[in-house]
Amino acid sequence: MLNELDKELERRGHKFVRYADDMVILCRSKRSAERVVGSIVRFIEDKLLLKVNRDKSLVAYISKVKFL
């Protein structure tokens, strides 16, 4: 099911890494990242009908992110 999310991110031209249901989307600015989070959360919840864990979702510099 998350393959649809991968396709959407590719269509939008985002660079991202996904492992199972965890994901990092790389953006050039904090403002851009905040816009992307909002639109991707809407896509996941409205189009894929999945729930996003907002406690785990965040905008942060890549050096502050622990992924795998």
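The following conversation between a student and a tutor goes through the helix, hairpin, salt bridges and surface patch of this predicted model.

Student: What should I know about the model and its numbering?

Tutor: The model is predicted, with local features needing pLDDT of at least 70 and side-chain atom pairs counting only at pLDDT 80 or more, while totals for chains, interfaces and linings use all residues. Residues are numbered from 1 along each chain as its sequence is written, and side-chain values use heavy atoms, with hydrogens and water left out.

Student: Why is Glu8 called buried or exposed?

Tutor: The term buried means under 20% relative accessible area, exposed means over 50%, and partly exposed lies in between (1.4 Å probe, protein chains only). Glu8 has 12% relative accessibility, so Glu8 counts as buried. In helix H1, which spans residues 3-12, the buried residues are Leu5, Asp6, Glu8 and Leu9; helices here are DSSP runs of H or I with at least four residues, strands are runs of E with at least two, and both are numbered from the N terminus.

Student: How do you know that the buried residues of H1 line one face of the helix?

Tutor: Seen down the axis of H1, the buried residues fall within an arc of 165°, and they therefore line one face; the arc is that of the directions from the helix axis to the C-beta atoms. Glu10 and Arg11, on the other side of H1, are exposed.

Student: What covers the buried residues of H1?

Tutor: The cover includes strand E1 (15-19), strand E2 (22-26) and helix H2 (30-47), where contact means heavy atoms within 4.5 Å. Just after H1, Gly13 takes a positive phi of about 85°.

Student: What makes E1 and E2 a pair of strands?

Tutor: Two strands pair if DSSP finds at least two bridges between them, and 5 bridges join E1 to E2, which run antiparallel. E1 and E2 form a hairpin with 2 residues between them, and Tyr19 stands opposite Asp22 in E2.

Student: Which residue in the turn has a positive phi?

Tutor: That residue is Ala20, whose phi is about 55° although Ala20 is not a glycine. With 51% relative accessibility, Ala20 counts as exposed. Leu49, in the segment after H2, is not a glycine either and has a positive phi of about 60°; its relative accessible area of 69% makes Leu49 exposed.

Student: What makes Arg11 and Glu8 a salt bridge?

Tutor: A salt bridge is a side-chain nitrogen of Lys or Arg within 4 Å of a carboxyl oxygen of Asp or Glu. For Arg11 and Glu8 the N to O distance is 2.7 Å, and their side chains meet in a salt bridge. Both residues lie in helix H1, 3 residues apart, about one turn of the helix. Arg11 has a relative accessible area of 63% and is therefore exposed. Glu8, Arg11 and Arg12 are linked in a network of salt bridges, and by this rule the count comes to 6 salt bridges.

Student: How do you know that Glu4 forms a salt bridge with Lys7?

Tutor: The closest N and O atoms of Glu4 and Lys7 are 3.6 Å apart, and the pair forms a salt bridge. Being 3 residues apart in helix H1, Glu4 and Lys7 are separated by about one helical turn. An α-helix has 3.6 residues a turn, so residues three or four places apart point the same way. Glu4, at 41% relative accessibility, counts as partly exposed.

Student: Which parts of the chain does the salt bridge of Lys56 with Asp22 link?

Tutor: Lys56 forms a salt bridge with Asp22, with the closest N and O atoms 3.2 Å apart. This pair links distant parts of the chain, Lys56 being in the segment after H2 and Asp22 in strand E2, 34 residues apart. Lys56 is exposed, with a relative accessible area of 55%, whereas Asp22, at 29% relative accessibility, counts as partly exposed.

Student: Which residues make the nonpolar surface patch?

Tutor: Leu26, Leu58, Ile62 and Val65 make this patch of about 360 Å². Patches are made of residues with over 30% relative accessible area and no salt bridge, with nonpolar side chains (Val, Leu, Ile, Met, Phe, Trp, Tyr) joined within 5 Å and like charges within 9 Å. Leu58 has 58% relative accessibility and so counts as exposed.

How values were computed
Areas by Shrake-Rupley, 256 points an atom, 1.4 Å probe, with all protein chains shown as cover.
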